[in-house]
Amino acid sequence: METWSTATIQAFRHALLTWYDQEGRDLPWRHDHDPYHVWVSEIMLQQTQVNTVIPYYQRFMAAFPTVTALARASEPDLLKAWQGLGYYSRARNLQRAARQIVDDYHEEWPRTAASLQDLSGIGPYTASAIASIAFGQVVPAVDGNAFRVFARLLKIDADIAQPKTRQLFTEIIQPIVDPQRPGDFNQAIMDLGSSYMTAQKSDPAHSPVRAFDASWRTGTVDQYPVKTKKPRPKLVPYYGLIIHAPAGYLLVQRTRQQMLAGYWSYPLVPQAELQDPEATAPATLTADLATLHQRWAADYQIPATFAPLGGAPVSHTYTHQRWQVKLLVATLTKTPPLTFYPGKWVPAAEIAALPLPKVQEKMMTRWAQRQAAAKQ
DNA sequence: GAGGCGTGGAG
DNA sequence: TCTCCAAGCCT
């Protein structure tokens, strides 16, 4: 890898910040340096693209304008505000941290990266981003952009998928951060990483810091950063149970221990709990249904008789799982009480008011299409 | 330290 | 349809 002299570092800062002053993006959370604004935006931006975040950020600030308002928000309101943004534990951690700030810190924010990390959901990157942008601490904010940009500029060979590599990059970047404008420096690196120095289809030849780009100079841009790949998502087959009664549809709230915690969906039964999940033969489905009828009647006190909706399973892919949901429909003429089951009957018109994950929207869309087709 | 945790866009 | 990627954190 390359190393830079003091003169090179100063020239780099100047080139970077001159470009940033002219071409830096005007984003809603850049209108001031309020730590609440910086913090909420940084949490939303974790693993999420800027264009996706903007409308969520604006709605969130309208709904929860202060850290106190966020601390007092109801969980359904919070989850509804986060619906569709993904990584839903971020929302819960955000409110937990808001309550820490109000209750434990009396709304006096920690001002250093080290102390900010004591708040829920704030790790090394987010702590450094807030500390530098809101409070002017001279620390590098080492995110995916910083990894990629400096790996290319300096031809750093360390595998950025390895957690220990963060320390190396932090030590390399620390003396490069502009001590006069650390927050702008970090944001400029991010803008660079999302424009000229993107992961794919980058344009290093026109970058404002191309003179400092060792990988471009040597024609090895595509070799950086070094990053080992993650395994493919695992197939997880489910039955999705569309059960409707005079009082509405049966929806269940996912538990704290499950993914999509707190969000509502049709009951989902892992096919693994029934028959061979790999088998798709009609006979297997029939056997499954018999089991399902029995179990549903016994466990949940609901006399449901399920019929396959047909068509391809609803498919939804997460980072680590690929769900294939076979939809089954049961129509009940009376509404059974839900004595032992953690769900509720929801009138069709009221479902959209609940916090719903994407896979539930897909299942509802499929069911609506089928009903529309049946009317033809 | 490896794996869990969502969604949408680009090619 | 499939693959990879996008301002990570938690356990």
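How many residues surround DNA strand C, and which are the closest? In this predicted model, 27 residues surround the strand, and the closest are Gly121, Asp143, Asn145, Ala199 and Arg232. A residue is near a strand if one of its heavy atoms lies within 4 Å of it. The model is predicted, so local features need pLDDT of at least 70 and side-chain atom pairs count only at pLDDT 80 or more, while totals for chains, interfaces and linings use all residues. Residues are numbered from 1 along each chain as its sequence is written, chains are lettered from A and ligands numbered from 1 in the order in which they are written, and side-chain values use heavy atoms, with hydrogens and water left out.

**DNA strand C**

- Sugar or phosphate supplies 72% of the strand C atoms within 4 Å of the protein, and bases supply the rest.
- Asp143 has a polar side-chain atom 2.5 Å from a sugar or linking oxygen of DNA strand C; a polar contact is a pair of N or O atoms within 3.5 Å.
- Phosphate oxygens of DNA strand C lie 3.2 Å from a polar side-chain atom of Arg322 and 3.4 Å from a backbone N or O atom of Tyr125.
- The surface near DNA strand C has 9 nonpolar, 10 polar and 8 charged residues; Ala, Val, Leu, Ile, Met, Phe, Trp, Tyr, Cys and Pro count as nonpolar, Asp, Glu, Lys and Arg as charged, and the others, Gly among them, as polar.
- Helix H2 (35-45), helix H8 (124-135) and H9 each supply at least two residues of this surface; helices are DSSP runs (H or I, at least four residues) numbered from the N terminus.

**DNA strand B**

- DNA strand B is surrounded by 22 residues, and Tyr87, Tyr88, His316, Thr319 and His320 are the closest.
- Of the strand B atoms that come within 4 Å of the protein, 63% belong to sugar and phosphate.
- The side chain of Thr48 has an N or O atom 3.1 Å from a base nitrogen of DNA strand B.
- Sugar or linking oxygens of DNA strand B lie 2.9 Å from a polar backbone atom of Tyr87 and 3.3 Å from a backbone N or O atom of Gly84.
- The surface near DNA strand B divides into 7 nonpolar, 11 polar and 4 charged residues.

**Helix H9**

- Helix H9 (residues 144-154) is largely enclosed by the rest of the structure, because 10 of its 11 residues are buried, that is, under 20% relative accessible area (1.4 Å probe, protein chains only).
- Among the buried residues of H9 are Asn145, Phe147, Arg148 and Arg152.
- The buried residues of H9 pack against helix H1 (6-23), helix H10 (165-173), helix H11 (182-193) and helix H12 (214-217), where contact means heavy atoms within 4.5 Å.
- Lys155, just after H9, takes a positive phi of about 55°.

Notes:
Buried means under 20% relative accessible area, exposed over 50%, partly exposed in between (1.4 Å probe, protein chains only). A polar contact is a pair of N or O atoms within 3.5 Å; within protein, one must be able to donate a hydrogen and the other to accept it, and residues adjacent in sequence count only if both atoms are side-chain atoms.
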